[in-house]
Amino acid sequence: MALYILLASLSSALVPAAVIIRYQHLHGHLSMDHDLDGVQKFHAQPTPRVGGVPIIVGLVSALLVWQASSPSTAEAWWLLCAAMPVFMAGLIEDLTKRVSPLVRLLAAFVSAALAAFMLGALLDRLSLPVVDGWLGQLLVLQVVITVFAVGGVCHSVNIIDGYNGLMAGVGVLACAAFAYVSFQLDDQFLFVVAMSLAGALLGFMFWNFPRGLIFAGDAGAYLVGFLLAELAVLLVARHPDAVSPWFPMLVLIYPIFETVFTILRRKQRKEAAGLPDSMHFHQLVYKRLVRWVAGSDSQEYLLKRNSMTSPYLWLIAMMTIIPAVIFWRHQWVLQACCVLFIATYVWLYKRIVRFRAPRRLHLYKHWDFA
């Protein structure tokens, strides 16, 4: 059944994405990303940014396949319903370019609150001694922390959605980790959701990487961020004696710490935290490790350099996801890996900024993409 669910979500995302790309001349005035000059824009031509639509179609199709063989699908449908506020806020932004980041963040908070109400998706412990005592006694504190955590992950996933295949690749890796642990715990609901999201992302990714024919947009990025955050919360909430909060933390620490580091970096430079800039880790990889490899500024070379960036960041994500899967039962190892990742990230970021990145990370060969 797992294979059928994966294939259903993959094919059901693949086909609508192909239709969107094929008929973009009909909807391009609404769906296209025409901004090629923004500080966070690295594509060579206007591209549809409504990839969230095929992703959610893939999810719905997978749940329908599951429902055909299992009566216990209500929780999955409730989770998808809870995702609607943040998905719609993102989709309206993709089509109108008029929904502010604050409104999208508030929509993520609403979705998180709905999931907490309908599914009991609440963080009642963080494996931090004093904080856990407060959380155990104050329901309102559980709600506040959960809502902000889910909203934060939504925003974090949107931040790393900068290059072809980057967000989707990291999302697939995280889904695989959550699916593995859910399977070990015999939690069919979470296993199916993780597999469905992985399949939908793979279907979307077929067109997004490396060719960049369609972008996830805010609807796709916020939807993926919300579902990854809810998988994390529900794993901890549904299996309090088996899953430490540090397991999902380690799985998602790359986008989470990217956001935290960005806020601290901008605060240090006395810049507004909400304004876009070109100093994210993935942007530095593009500019300092990849950009100079193929010298031309033609569309072909811009596309190749864009796509060559994502594998660097997939490796960064795998640095945490692999040990998280191996040591998911060992909290102290998970905590140590989180600290190690943060130290490595900061060290590597500073090296790249100062043009002193380790030589092994550079691509010295002048690649011929002809």
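# Close-up views of a predicted model

**View 1. Ser127, a residue with positive phi in a loop.** Ser127 sits in the loop between α6 and α7 (129-137). The model shown here, and in every view below, is predicted. Phi of Ser127 is near 60°. That value is positive, and Ser127 is not a glycine. Most residues other than glycine have a negative phi. Ser127 has 17% relative accessibility and so counts as buried, the cut-off being under 20%.

**View 2. Asp186, a positive phi in the loop between α9 and α10.** Asp186 lies in the loop between α9 (166-184) and α10. Phi is positive here too, at about 60°, in a residue that is not a glycine. Is Asp186 buried or exposed? Its relative accessibility is 69%, so Asp186 counts as exposed. The cut-off for that class is over 50%.

**View 3. The cis peptide bond from Phe209 to Pro210.** Omega of this bond is near 5°. Most peptide bonds are trans. Pro210 is placed in the loop between α10 (188-208) and α11.

**View 4. Helix α11 along its length.** The helix covers residues 217-238, 22 residues in number. From first C-alpha to last, α11 reaches 31 Å. That is close to the 32 Å expected at 1.5 Å a residue. How many residues of α11 are buried? The count is 20 of its 22, and the helix is mostly covered. Arg238, in helix α11, is partly exposed, with a relative accessible area of 33%.

**View 5. The packing of α3 against α11.** Two packed helices are described by the angle between their axes and the distance between the axes. For α3 and α11 the angle is about 40° and the axes are 7 Å apart. The angle makes α3 oblique to α11. From α3, the contact is made by Gly52, Ile55, Ile56 and Leu59. From α11, it is made by Ala219, Gly220, Leu223, Val224 and Leu227.

**View 6. The salt bridge between Arg49 and Asp94.** The closest N and O atoms of this pair are 2.9 Å apart. Which parts of the chain does the pair link? Arg49 is in the loop between β2 (47-48) and α3 (52-69). Asp94 is in helix α5 (residues 84-96). The two are 45 residues apart, and the pair links distant parts of the chain. Arg49 counts as buried because its relative accessibility is 10%. Asp94 also counts as buried, at 0%.

**View 7. The salt bridge between Arg104 and Asp218.** The two side chains meet at 2.9 Å, N to O. Arg104 belongs to helix α6 (residues 101-119) and Asp218 to helix α11, so the pair ties together parts that are 114 residues apart in sequence. Arg104 has 8% relative accessibility and counts as buried. Asp218 has 6% and counts as buried. This pair does not stand alone: Arg49, Asp94, Arg104 and Asp218 are linked in a network of salt bridges.

**View 8. The salt bridge between Glu75 and Arg238.** The side chains meet at 3.0 Å, N to O. Glu75 is in helix α4 (residues 74-82), and Arg238 is in helix α11. They are 163 residues apart, so far along the chain that the pair links distant parts of it. Glu75 counts as partly exposed, at 32% relative accessibility. Arg238 is partly exposed as well, at 33%. The structure holds five salt bridges, among them the one between Glu75 and Arg238.

**View 9. Phe178 in the largest nonpolar core.** This core has 112 residues. Which residues have the most contacts inside it? They are Phe178, Phe226 and Phe247. Leave aside the neighbours of Phe178 within four places in sequence. Phe178 is then in contact with Ala194, Leu228, Leu231, Ala232 and Leu235. Its other contacts are Phe247, Pro248, Val251 and Leu252. Phe247 thus appears twice in this view, as a contact of Phe178 and as one of the residues with the most contacts inside the core.

**View 10. Ser196, a buried serine in helix α10.** Ser196 is found in helix α10. Relative accessibility is 1%, so Ser196 counts as buried. What does Ser196 contact beyond its neighbours within four places in sequence? The partners are Ile5, Ser9, Leu59, Ala62 and Leu63. Leu59 of α3 also takes part in the contact with α11.

Terms used
Residues are numbered from 1 along each chain as its sequence is written. This is a predicted model: local features need pLDDT of at least 70, side-chain atom pairs count only at pLDDT 80 or more; totals for chains, interfaces and linings use all residues. Side-chain values use heavy atoms; hydrogens and water are left out. Helices (H or I, at least four residues) and strands (E, at least two) are DSSP runs, numbered from the N terminus. The expected span of a helix is 1.5 Å times one less than its number of residues. Buried means under 20% relative accessible area, exposed over 50%, partly exposed in between (1.4 Å probe, protein chains only). A salt bridge is a side-chain nitrogen of Lys or Arg within 4 Å of a carboxyl oxygen of Asp or Glu. A nonpolar core is a set of buried Ala, Val, Leu, Ile, Met, Phe, Trp, Tyr and Cys residues joined through side-chain atoms within 4.5 Å. Contact means heavy atoms within 4.5 Å. Axes are lines fitted to C-alpha atoms, for helices over the stretch in contact, and angles run from 0 to 180 degrees between N-to-C directions. Angles under 35 degrees count as roughly parallel, over 145 as roughly antiparallel, 65 to 115 as roughly perpendicular and the rest as oblique.
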